[in-house]
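Biologist: I'd like a close look at one part of this model, taken slowly. Here it is.

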Amino acid sequence: MDFQAFHRRSIEEPEAFWAEQAKLIDWQKPFEQVRDYSRPPLVDWFVGGQTNLCHNAVDRHLKTQADAKALIWVSTEVDKEVVYSFRELHAEVQRMAAMLLELGVGKGDRVLIYMPMIAEACFAMLACARIGAIHSVVFGGFASHSLASRIDNATPKVIVSADAGSRSGKSVPYKGLLDEAIQLATHKPAKVLMVNRGLAPYTPVAGRDEDYAALRAKHMDTQVPCTWVEATHPSYTLYTSGTTGTPKGVQRDTGGYAVALAASMKHIFLGKPGETYFSTSDIGWVVGHSYIIYGPLIAGMATIMYEGLPTRPDGGIWWSLVEKYKVTSMFSAPTAVRVLKKQDPAYLKKYDLSSLRALFLAGEPLDEPTAKWIADALGRPIIDNYWQTETGWPILTICNGIEPAPSKFGSPGKAVYGYDVKLVNESTGEEMKGADEKGVVMIEGPLPPGCMQTVWQDDARFVKTYWTQANGRWLYSTFDWGIRDQDGYYFILGRTDDVINVAGHRLGTREIEESISSHPNVAEVAVVGVADNLKGQVAMAFAIPKDASGLDDPAARLKLEGEIMKVVDGQLGAVARPSRVLFVTALPKTRSGKLLRRALQAVAEGRDPGDLTTIEDPSALQQVKALVAAK
């Protein structure tokens, strides 16, 4: 099939196109209208139709593959591995749904899920979908203040949590953080359902806390039918990281999301019923929602839910799971690949990876050296993809399920069907149509199915934050700079708010990072714009060397810094040369692996970095602070 024609049809004949894709899921009641765009930029998909996410993910597979693997839970933290068939998953989800109903949860009520990567978290998400409740998953281990703000915004009737998570074999208690968050929050949930893993002692709050095991025992044989909901009924809210002020709850619908995921599993992720999908993300993030829980299960695949690190017990653990469960599609992040790059390469040769069709990467820009390394090491296609919490599924990638096409290093690919992607001049609002012209990556409205409906309880904020009008058209901003080459491949150059203006020259941080990364002794780098009295801003780079031996010597550091600057001079010109390249052992990141760029910039400028509740390793920022003070 010709991808260009497929994409063009999705833009020019969206109603016919999406009506066809809608056949990939089950409908209890057929939709009357494919889309309603009478209130732009807001759009409703599959109006009048009724369906259920849990039915499409679990129940409908019972006819044909009840005993096939559905959920594979692997924890290298507690050394356990449990496989649930679709029949067993169906039973567990009904038990969880019965518990939620007993605790007073009904259609439209919110349930906040604050849990580690355990099977019960999957049961909770699917159980909410089953009864028409709206789940809001908060990344496990978020600090109390962050959790409290989300409790206040979502106003959940029930919170589902656990005593603790685990990291590097050490218990990470949740219950104390949760109790403190509820104390801080204005909204008080009626009940807290606690899964006790035996990892950390806790004291239940009388009258509020319920024990999961005890309630489950009451509902071993309870049947809970699916609640059929309108296609436009909210399925969940998910709070975007790094927001200031009130958290921004991305609200997702039900029907459009189910259709978008079913189509993406077929056209992008090459998934087939009975096969195995392995996403290394966390359910606290959008990838975990779309491609650990819902997407693979809707496609009738087994999905691996992994609790642990990619290097424990050793750097081969993920590859051993690919071999053991014959994983056909794997989804990870460039950060994880860079971590694995430092491991013994023998791990990649130790396991049979012949089942793997492709490795998909997303979440941050994929630098060319990392892409080349993993492509050579695996001997499999490496397919980058670019999207956001807000879109729920890829905006840019290679749709090999439609027409096989080569990847280009450094590019996430072409615009995906359904997305009318534009590059727009930030100043004039004009579309940049030429090859290699830089613009803001925007999507002409309406957004396709599966994307956010709105900001939870705040349509005005949704419109104000994301949308602009130009020449009578509504344009959704990704807040990313990009270019498109003559073949239609996009290259993301960094956030619009991360652009460095050096003496009137606008430079994307991504361009400089790509250049520095090409130096053979650079494992990872972050570039930020730092205020400068003469030039307005200068670029400052923080690099992790592959081999730090000898860099205790100031002369050796200066020599390497000079080499890196010459590389940038040669590739981008002297205007892009960073004012300094400082060497660190770690970069400040969130627990989901996103670089805390604003915090890095603030410290480099001697300012307060602000809210750091999501930081993975506080010592990384302390190291930067010390280096900046000493420079």
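Which hand does the crossing have where H5 passes H6? And please walk me through the surroundings of that spot.

Modeller: Sure, bearing in mind that this is a predicted model. H5 passes H6 in a right-handed crossing. Let's start with H6 itself, which covers residues 119–131. Its 13 residues reach 19 Å from the first C-alpha to the last, close to the 18 Å expected at 1.5 Å a residue. As for its setting, 13 of the 13 residues of H6 are buried, so the helix is largely enclosed by the rest of the structure. Right after H6 comes glycine 132, with a positive phi of about 80°.

Now bring in the partner, H5, residues 86–102. The two helices pack at an angle of about 70°, and their axes are 8 Å apart. With angles of 65 to 115 degrees counting as roughly perpendicular, H5 and H6 are therefore roughly perpendicular to each other.

Who touches whom? On the H5 side you have Leu89, His90, Glu92, Val93, Gln94, Met96, Ala97, Leu100 and Leu101. Facing them from H6 are Glu120, Cys122, Phe123, Ala124, Leu126, Ala127, Cys128, Arg130 and Ile131. Sorted by character, the residues of this contact give 13 nonpolar, 2 polar and 3 charged. Glu92 of H5 is part of that contact, and so are Glu120 and Arg130 of H6.

So, to pull the picture together: H6 is largely enclosed by the rest of the structure, and H5 crosses H6 in a right-handed way.

Technical notes
Residues numbered from 1 in each chain as written. Predicted model: local features only at pLDDT ≥ 70, side-chain atom pairs only at ≥ 80, totals over all residues. Heavy atoms only, no water. Helix = DSSP H or I, 4+ residues; strand = E, 2+ residues; numbered from the N terminus. Expected span 1.5 Å × (residues − 1). Buried < 20%, exposed > 50% of the residue type's maximum accessible area, 1.4 Å probe, protein only. Axes fitted to C-alpha atoms, helices over the stretch in contact; angles between N-to-C directions. Parallel < 35°, antiparallel > 145°, perpendicular 65-115°, else oblique. Left-handed = near helix turned anticlockwise from the far one by under 90°. Contact = heavy atoms within 4.5 Å. Nonpolar A, V, L, I, M, F, W, Y, C, P; charged D, E, K, R; others polar.
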